[in-house]
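Thanks, everyone, for making the time this morning. I would like to walk through one model with you, going from side-chain pairs to helix packing and then to the overall fold.

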Amino acid sequence: MQTEMLEVFREVARQRSITAAAATLRYTQSAVSRQVAALELEVGARLFDRLPRGVALTEEGRCLLEHATAVLDRLALARREVTAVHAGTAGRLRVGAFATADAALVPRALARFRAGHPDVRLSLIEGVTGRLLAALLAGDADVAPGDDERRPPVRRPALHHPPHPG
């Protein structure tokens with residue numbers, strides 16, 4: 001079943017009219033009639049009784065409407081949730097941290113993040129830099145502060161004072 005067919009079916013059921021559903025959906029009446037006929041063919045049952053003024057759901061139609069509504073509502077929820085994850089306002093964030101970062105830096109950062117993104121699930125992965133890097137590369141962590149042990153230590157340059165005149 002195509003979701004468009006289910007949407008058309010649900011709107012006809014709401015409006016109790018093919019003509020009214022067509023106007024709401026901005027389709028022609030014949031396009032809505034064809035969608036309903038195709039859906040009836042697919043499910044193997046008549047979904048509406050045609051009345052002098054509109055339509056009425058058959059028992060099969062009432063059964064399908066319950067499922068169509070559940071499917072369409074779940075798809076709408078899925079779209080909203082995917083959009084929220086994409087926007088960074090929902091989903092999950094797995095944060096890796098080594099001991100010294102976990103003592104001060106990470107809790108403050110997570111608190112600030114949670115304040116701005118209350119619907120994002122946070123989890124903490126503790127470990128040494130090498131393990132955290134492996135977790136990042138394996139997709140088991142999303143972010144981790146680290147240090148680069150291969151980098152030579154940074155030394156402050158010696159202070160040179162200009163010669164004092166006189």
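**Side chains, helices and the fold**

Let me begin with two rings: Phe 9 and Phe 48 are both buried, where buried means under 20% relative accessible area, exposed means over 50%, and partly exposed is what lies in between, with a 1.4 Å probe and protein chains only. Before I go on, please keep in mind that this is a predicted model, in which local features need pLDDT of at least 70 and side-chain atom pairs count only at pLDDT 80 or more, while totals for chains, interfaces and linings use all residues. Residues are numbered from 1 along each chain as its sequence is written, and side-chain values use heavy atoms, with hydrogens and water left out.

Back to the rings, then. Rings of Phe, Tyr and Trp, for Trp the six-membered ring, are taken as a pair if their centres lie within 6.5 Å, and the pair is called stacked when the planes are under 30 degrees apart, edge-to-face when they are over 60, and tilted for the rest. By this rule there is one aromatic pair, and Phe 9 and Phe 48 form it in a tilted arrangement, with 5.4 Å from centre to centre and 55° between the planes. Phe 9 belongs to helix α1 and Phe 48 to strand β1, so this pair ties together parts that are 39 residues apart in sequence; helices (H or I, at least four residues) and strands (E, at least two) are DSSP runs, numbered from the N terminus.

Now to the charged side chains. Side chains of opposite charge can pair when their charged atoms come close. The rule used here for a salt bridge asks for a side-chain nitrogen of Lys or Arg within 4 Å of a carboxyl oxygen of Asp or Glu, and by this rule the count comes to six.

I will take three of these salt bridges. In one of them Glu 11 is joined to Arg 14, with the closest N and O atoms 3.4 Å apart. Both sit in helix α1 (residues 3–15), and because they are three residues apart, about one helical turn separates them. Glu 11 is buried at 9% relative accessibility, whereas Arg 14 is exposed at 54%.

In another, Arg 62 forms a salt bridge with Glu 59, and here the closest N and O atoms are 2.9 Å apart. Arg 62 and Glu 59 are three residues apart in helix α4 (residues 59–87), so they too are separated by about one helical turn. As for accessibility, Arg 62 is partly exposed at 43% and Glu 59 is exposed at 55%.

What does the salt bridge between Glu 40 and Arg 50 tie together? The closest N and O atoms of Glu 40 and Arg 50 are 3.1 Å apart. Glu 40 lies in helix α3 (residues 29–43) and Arg 50 in strand β1 (residues 48–51), so the pair ties together parts that are ten residues apart in sequence. Glu 40 counts as buried at 12% relative accessibility, while Arg 50 is partly exposed at 46%.

Glu 40 also turns up among the contacts of Arg 46, a residue in the loop between α3 and β1. Leaving aside neighbours within four places in sequence, Arg 46 is in contact with Glu 40, Thr 58, Glu 60 and Gly 61, contact meaning heavy atoms within 4.5 Å. Arg 46 is partly exposed at 49% relative accessibility.

A second loop residue is Ser 17, found between α1 and α2. Ser 17 is buried, with a relative accessible area of 17%, and, not counting residues up to four places away in sequence, Ser 17 touches Val 12, Gly 54 and Val 55.

That brings me to helix packing. The axes of helix α2 (residues 18–25) and α3 come within 8 Å and cross at roughly 110°, the axes being lines fitted to C-alpha atoms, for helices over the stretch in contact, with angles from 0 to 180 degrees between N-to-C directions. The contact is made by Ile 18, Thr 19 and Ala 22 of α2 together with Gln 29, Val 32 and Ser 33 of α3.

Finally, the whole chain. The protein has seven helices and four strands, and along the sequence these follow the pattern α-α-α-β-β-α-β-α-α-β-α. Of the 166 residues in the protein, 28% are buried. Among contacts with a separation of 6 or more, 57% are between residues 24 or more positions apart.
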